[in-house]
Amino acid sequence: MALTRSPENPIITRADIPDVPPEIVDATSVFNPGAVLHEGRYLLMLRVQTRGRETFFMTAESDDGARFEVAPRIVPIRGIDRVDGTVYHSYDPRITKLGDTYYVMFAMDTDLGCRLGLARSTDFTSLEFIGMTGADDMRNGVLFPEKIGGQYARLDRPNRVRFESGVTSGDEIALSRSDDLIDWRPVAPVMRGRPYHWDELIGPGPPPVKTREGWLLVYHGIATHLAGACIYQAGVALLALDDPSRVLARSRDNILEPREPYEMTGQVPNVVFPSGMIVEGYDEQGFADPDSRALVYYGAADTSVGLATATVGDLLAACSDRTARPLP
Ligand code: BMA
């Protein structure tokens, strides 16, 4: 597999979450973090879940990308109370730096379904809510780190599939564009799930990384055809720099799948869910260095945080498995 697990895994568990009473006492789980390099340190925005099954954002910082300290405070989303109706959960934050500002796109569970919310921050002690980005049911929204063709661009995953449990999902990653980061227009489908393979249902993972070969996208895929189980795995694809709806290559196999006990057992078994990625080295033109380390942070069984690493070059090689027999 292209990704190698950290020997420190799981790198963050519920035992690392300090109490922040009254909201957080004896946290149940911590998973699906956003990740970014902030002032030379590795920063994760964590999804922390309480025994009341409420969800909060907290941050953790590290000097080496593997050993993190969780800050003993909740990161408030200031202004989210402007939203009409109830927001039950805000979760799965994806972080993108645009200019000097960090944007955090996250899922919001509301009475009307799942929506994508957008907030910004400069220091991660609080988030300033910018708004709900549209009325479509979707999850896994990730902003590109620069405008493409003069417009903001994002990958998202419309929720068009409903499990028997009522949980919604989807089998397509799509490209949307916007002039102001709030009003998004769907532009084109990017890729579909592959029936009866590892990635029947799919969604973007961390925000795409710019390489000289294209936008590198780590994504999650769900195999649903195995009796009674949904298996969440990670894969990788390469999208054209000038038109990210064009897929240049896509991994045939997954690059990480639940194998360790902390991935196979927990709140939701058999889940690796990549949500944050830090690439350490970029050249002067802003392209990721193929020799650079890429650190992929993922939720393990919706219970703890795992880290798996590769070089950018390894990930490019994994997605351009062009010798493989084409899949349907
Ligand atoms: C997805 C999302 C993720 C979660 C995953 C596994 O649909 O809700 O937040 O980690 O399912 O339960």
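Ser-90 stands opposite Met-108 in S8, and this pairing is a good place to enter what is a predicted model, in which local features need pLDDT of at least 70, side-chain atom pairs count only at pLDDT 80 or more, and totals for chains, interfaces and linings use all residues. Residues are numbered from 1 along each chain as its sequence is written, and side-chain values use heavy atoms, with hydrogens and water left out.

Strand S7 covers residues 87-98 and strand S8 covers residues 101-110, and the two run antiparallel, joined by nine bridges (strands are DSSP runs of E with at least two residues, numbered from the N terminus, and two of them pair if DSSP finds at least two bridges between them). Two residues lie between the strands of this hairpin, where Gly-99 takes a positive phi near 65°.

From the hairpin we turn to the ligand. Around the ligand stand Asn-32, Arg-47, Asp-92, Arg-139, Tyr-232, Val-268, Phe-273 and Asp-302, each with a heavy atom within 4 Å of the molecule. By class, this shell has three nonpolar, one polar and four charged residues, where Ala, Val, Leu, Ile, Met, Phe, Trp, Tyr, Cys and Pro count as nonpolar, Asp, Glu, Lys and Arg as charged, and the others, Gly among them, as polar.

Oxygen atoms of the ligand meet several of these side chains: a polar side-chain atom of Asp-92 lies 2.6 Å from one, an N or O atom in the side chain of Asp-302 is 2.7 Å from one, and an N or O atom in the side chain of Asn-32 is 2.9 Å from one. Taken alone, the ligand exposes 310 Å², of which the protein buries 87% (accessible areas come from the Shrake-Rupley method with a 1.4 Å probe).

Definitions and conventions:
A polar contact is a pair of N or O atoms within 3.5 Å; within protein, one must be able to donate a hydrogen and the other to accept it, and residues adjacent in sequence count only if both atoms are side-chain atoms. Helices (H or I, at least four residues) and strands (E, at least two) are DSSP runs, numbered from the N terminus.
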